[in-house]
Amino acid sequence: MNQEMNGTEANNNDQSQRSSYQENGHENIDYVFKVVVIGDSAVGKTQILSRFTKNEFCFDSKSTIGVEFQTRTVTINDKLIKAQIWDTAGQERGALGAMLVYDITKRQSFDHVARWVEELRAHADSSIVIMLIGNKADLVDMRAVPTEDAVEFAEDQGLFFSETSALSGDNVNTAFFRVLEEIYGVVSKKSLECGNGSKTNGVELQGSKIDVISGSEMEISEMKKLSACSC
């Protein structure tokens, strides 16, 4: 269990064993990645989370009260990965990725993105994967934030970028999978370095979190935390 929560590979992941677990309705999880979804209120964070984890959209959705997270298990490079996605600020510690959401119809929500990035980097490891998400892309006629502005900001800050529609589902899965793939790549690299007895600044990747992914592919992400290598 500790191995799963720390984003490290679980034992006994033999392919036949995994098939047996899945057939019986159980999951033999290889990794658990913690991801956080952050941004201003009413930008659609909860809706994006619901669309990815349950493929649902609730028109009566209200502002999230308290701490809430949902999960979805996916396969990446033949590994079974459980994404633990937190729909709240204040959960950055230990996250491997972050999904930073703004509303393309509300300029103020985009103007606050820089402050959210600052907050993330103050409480998370510098190698966290961050995806900037312009949500409500279906409201084209109400657009207040040009795509070019977001792309420029993402490139300047080293973020991944995507525009999504929680209502239609456009790009939501793509963004999340991109972030999870990026996190998997980072975790795998760290595990390999640790296994070879090499240390990078004396630390090893642990914990899990949500973050942003930048670029034209528009996807979502998770965060990570580094601590002393225990290999």
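Which residues of helix 5 (residues 113-123) are buried? Read on to the view of that helix, which comes straight after the overview.

**View 1. The whole chain, for orientation.** Keep in mind that this is a predicted model. The chain has seven helices and eight strands. Of its 231 residues, 49% count as buried. The accessible surface adds up to about 11,000 Å², and carbon and sulfur atoms own 45% of that. If you look at contacts between residues at least 6 apart in sequence, 76% of them link residues at least 24 apart.

**View 2. Helix 5, one side in and one side out.** Here is the reply to the opening question: Val-113, Trp-116, Val-117 and Leu-120 are the buried residues of helix 5. They sit on the same side of the helix because they span an arc of only 100° around its axis. Turn to the other side of helix 5 and you'll find Glu-118 and Ala-122, both exposed.

**View 3. Helix 3, mostly under cover.** Helix 3 runs over residues 45-54, and nine of its 10 residues are buried. The buried set isn't just greasy side chains by name: Lys-45, Thr-46, Gln-47, Ser-50, Arg-51 and Thr-53 are among them, along with Ile-48, Leu-49 and Phe-52. Just past the end of helix 3 comes Asn-55, with a positive phi of about 55°.

**View 4. The largest nonpolar core.** This core holds 29 residues, and the ones touching the most other members are Phe-33, Ile-48, Ile-85, Leu-180 and Ile-183. Two or more residues apiece come from strand 1 (31-39), helix 3, strand 2 (69-76), strand 3, strand 4, strand 5 (129-135) and helix 7 (172-195). Helix 7 chips in the largest share, with eight residues. One of those well-connected members, Ile-48, is also one of the buried residues of helix 3 from the previous view.

**View 5. A second core, set apart.** Separate from the largest core there is another one, made of 23 residues. Leu-100, Ile-104, Ile-128 and Leu-159 are among its members.

**View 6. Thr-88, a covered loop residue.** Thr-88 belongs to the loop that connects strand 3 (79-86) and strand 4 (97-103). Is this loop residue buried or exposed? Its relative accessibility is 13%, and buried means under 20%, so Thr-88 counts as buried. Look for Glu-68 in this view too: it is 20 residues away from Thr-88 along the chain, yet their C-alpha atoms are separated by 6.7 Å.

Notes:
Residues are numbered from 1 along each chain as its sequence is written. This is a predicted model: local features need pLDDT of at least 70, side-chain atom pairs count only at pLDDT 80 or more; totals for chains, interfaces and linings use all residues. Side-chain values use heavy atoms; hydrogens and water are left out. Helices (H or I, at least four residues) and strands (E, at least two) are DSSP runs, numbered from the N terminus. Buried means under 20% relative accessible area, exposed over 50%, partly exposed in between (1.4 Å probe, protein chains only). A nonpolar core is a set of buried Ala, Val, Leu, Ile, Met, Phe, Trp, Tyr and Cys residues joined through side-chain atoms within 4.5 Å. Contact means heavy atoms within 4.5 Å. Accessible areas come from the Shrake-Rupley method with a 1.4 Å probe; for residues, only the protein chains shown count as cover. The arc is that of the directions from the helix axis to the C-beta atoms.
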